[in-house]
Amino acid sequence: MKIKDIRVSRIKAPLKKPFRTALREVNSVEDVLVEIETDDGLVGLGEAAPTAVITGDILGSIEDAILNYIRPAILGMDVLDTDRVFLAMDKCILHNSSAKAAVDMAVYDLLGKYYRVPLYKLLGGYTDRIKTDITISINEIDEMVEDSVRAVRDGFDTLKTKVGGDYKKDIERVKAIREAVGPGVKIRLDANQGWRPKDAVRVINALERYDIELIEQPVPAWDIDGLADVTRAVSVPVMADEALFSPNDALRLISMRACDILNIKLMKAGGIHNALKINYMAEAAGIECMVGSMMECKVSVTAAAHFAASTHNVTRLDLDAAYLLADDPVAGGISYDGPDISFAEGPGLGITGIR
Ligand SMILES: [Mg+2]
């Protein structure tokens with residue numbers, strides 16, 4: 001099954017409502033779609049999300065990396081020789097984790113199609129029933145309360161609430177949401193690097209009374225020592241997100257015990273082959289993983305869901321991105337019933353078409 005061609009195009013979708021974090025606001029998704037064609041006529045699909053403020057990847061850089069670096073490096077290789085394919089890809093250009101993620105998931109889609117099994121089965125087959133949280137964008141308190149109450153009414157039992165602004169206001173936000181949704185709903189918080197370590201400790205300790213499941217990336221991505229200080233100083237579990245890209249990052253975070261949980265995203269890790277390495281290291285250290293995504297269309301969210309379902313060590317999911325789309329151009333792949341995610345029957349990613 002030799003790689004005959006690699007093509008890129010664009011995939012677009014509007015959002016139901018603007019997505020706002022401490023880092024950015026987006027109203028629609030436009031990603032790079034990758035198709036890998038093999039000499040026996042199979043086509044594998046992948047998708048890369050440009051998230052300039054997190055990965056540094058933008059549409060043009062993703063397309064250039066795929067067409068002018070990765071494509072010549074792996075053209076003609078046998079898809080079944082995955083270790084050789086991924087080594088060539090990872091060595092031909094530094095960073096560019098989103099471009100690599102898209103090519104990686106297209107390779108895994110092809111493997112599933114070749115062996116005629118859904119990808120989560122090929123990767124480990126732990127479960128076919130997974131459940132995502134839902135993101136509550138950072139906004140004025142009334143709007144966040146309204147969004148939270150609606151999410152709970154729609155069946156979600158875990159909210160991922162964006163904080164990381166003015167920390168006094170963040171405490172008001174969480175207090176108001178907890179009072180509105182009651183005690184039965186899990187609230188996990190994502191500060192998106194919004195606080196300095198000492199402020200983070202103060203605000204997390206103040207938030208603890210609102211029964212917080214975990215706090216994600218409280219401090220800047222580069223400040224691993226600061227993250228470790230916060231993790232040691234608070235009893236709420238701390239999760240690394242923007243501080244974790246590669247398996248090397250995971251090794252450092254784990255060996256420093258800088259966090260309690262890892263948030264793996266394919267766009268940061270550079271694909272499933274690296275997500276597997278991160279997850280195995282975490283498991284060996286007794287650390288659970290969450291699988292999340294950027295704002296993405298359903299090709300790459302489906303790939304992340306297959307990886308997440310394949311292993312028992314992924315205990316949390318933040319894969320609501322495709323649920324937040326007002327109009328979804330992808331047919332097949334995962335489907336949502338509120339928070340419940342199910343997989344298409346077909347092999348690989350199970351995607352049947354893109355308009
Ligand atoms: Mg995050």
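Visitor: What is the count of salt bridges between domain 1 and domain 2?

Guide: In this predicted model, two salt bridges are counted between domain 1 and domain 2. The domain assignment places domain 1 at residues 3-116 and domain 2 at 121-354.

Visitor: Why is the meeting of Lys 17 and Asp 147 called a salt bridge?

Guide: The side chains of Lys 17 and Asp 147 come to 2.7 Å, N to O. A salt bridge needs a side-chain nitrogen of Lys or Arg within 4 Å of a carboxyl oxygen of Asp or Glu, so this pair qualifies.

Visitor: What makes Glu 30 and Lys 12 a salt bridge?

Guide: Their closest N and O atoms are 3.9 Å apart. The cut-off is 4 Å, so the pair of Glu 30 and Lys 12 counts too. Glu 30 sits in strand β2 and Lys 12 in strand β1, 18 residues apart. The structure as a whole holds 33 salt bridges.

Visitor: How many residue pairs are in polar contact across the interface of domain 1 and domain 2?

Guide: The rule finds 17 such pairs, with both residues at pLDDT 80 or more. On the side of domain 1 that touches domain 2, β1 (3-20), β2 (25-38), β3 (43-48), α2 (82-92) and α3 (97-115) each supply at least two residues. The largest share, 12 residues, comes from α3. By type, that side of domain 1 divides into 22 nonpolar, seven polar and 13 charged residues.

Visitor: And what area is buried between domain 1 and domain 2?

Guide: It is about 3,500 Å², with carbon and sulfur atoms giving 69% of it. The C-alpha centres of the two domains lie 22 Å apart, and the contact takes 42 residues from domain 1 and 46 from domain 2.

Visitor: Now to the metal. What makes Asp 190, Glu 216 and Asp 241 donors of the magnesium ion?

Guide: Their oxygens, OD of Asp 190, OE of Glu 216 and OD of Asp 241, lie 2.1 to 2.3 Å from the magnesium ion. Donors must be within 2.8 Å of this metal, so these atoms meet the rule.

Visitor: How are the donor residues of the magnesium ion spaced in sequence?

Guide: The spacing is D-x25-E-x24-D. Asp 190 belongs to strand β7 (residues 186-190), while Asp 241 is in the loop between β9 (238-240) and α9 (247-255); this pair, 51 residues apart, links distant parts of the chain.

Conventions
Residues are numbered from 1 along each chain as its sequence is written. This is a predicted model: local features need pLDDT of at least 70, side-chain atom pairs count only at pLDDT 80 or more; totals for chains, interfaces and linings use all residues. Side-chain values use heavy atoms; hydrogens and water are left out. Domain bounds come from an automatic or database domain assignment. Contact means heavy atoms within 4.5 Å. Buried area is the accessible area (1.4 Å probe) that two parts lose on being put together, summed over both. A polar contact is a pair of N or O atoms within 3.5 Å; within protein, one must be able to donate a hydrogen and the other to accept it, and residues adjacent in sequence count only if both atoms are side-chain atoms. Helices (H or I, at least four residues) and strands (E, at least two) are DSSP runs, numbered from the N terminus. Ala, Val, Leu, Ile, Met, Phe, Trp, Tyr, Cys and Pro count as nonpolar, Asp, Glu, Lys and Arg as charged, and the others, Gly among them, as polar. Donors are N, O and S atoms within 2.8 Å of the metal (3.2 Å for Na, K and Ca); water is not among the atoms, so sites may look incomplete.
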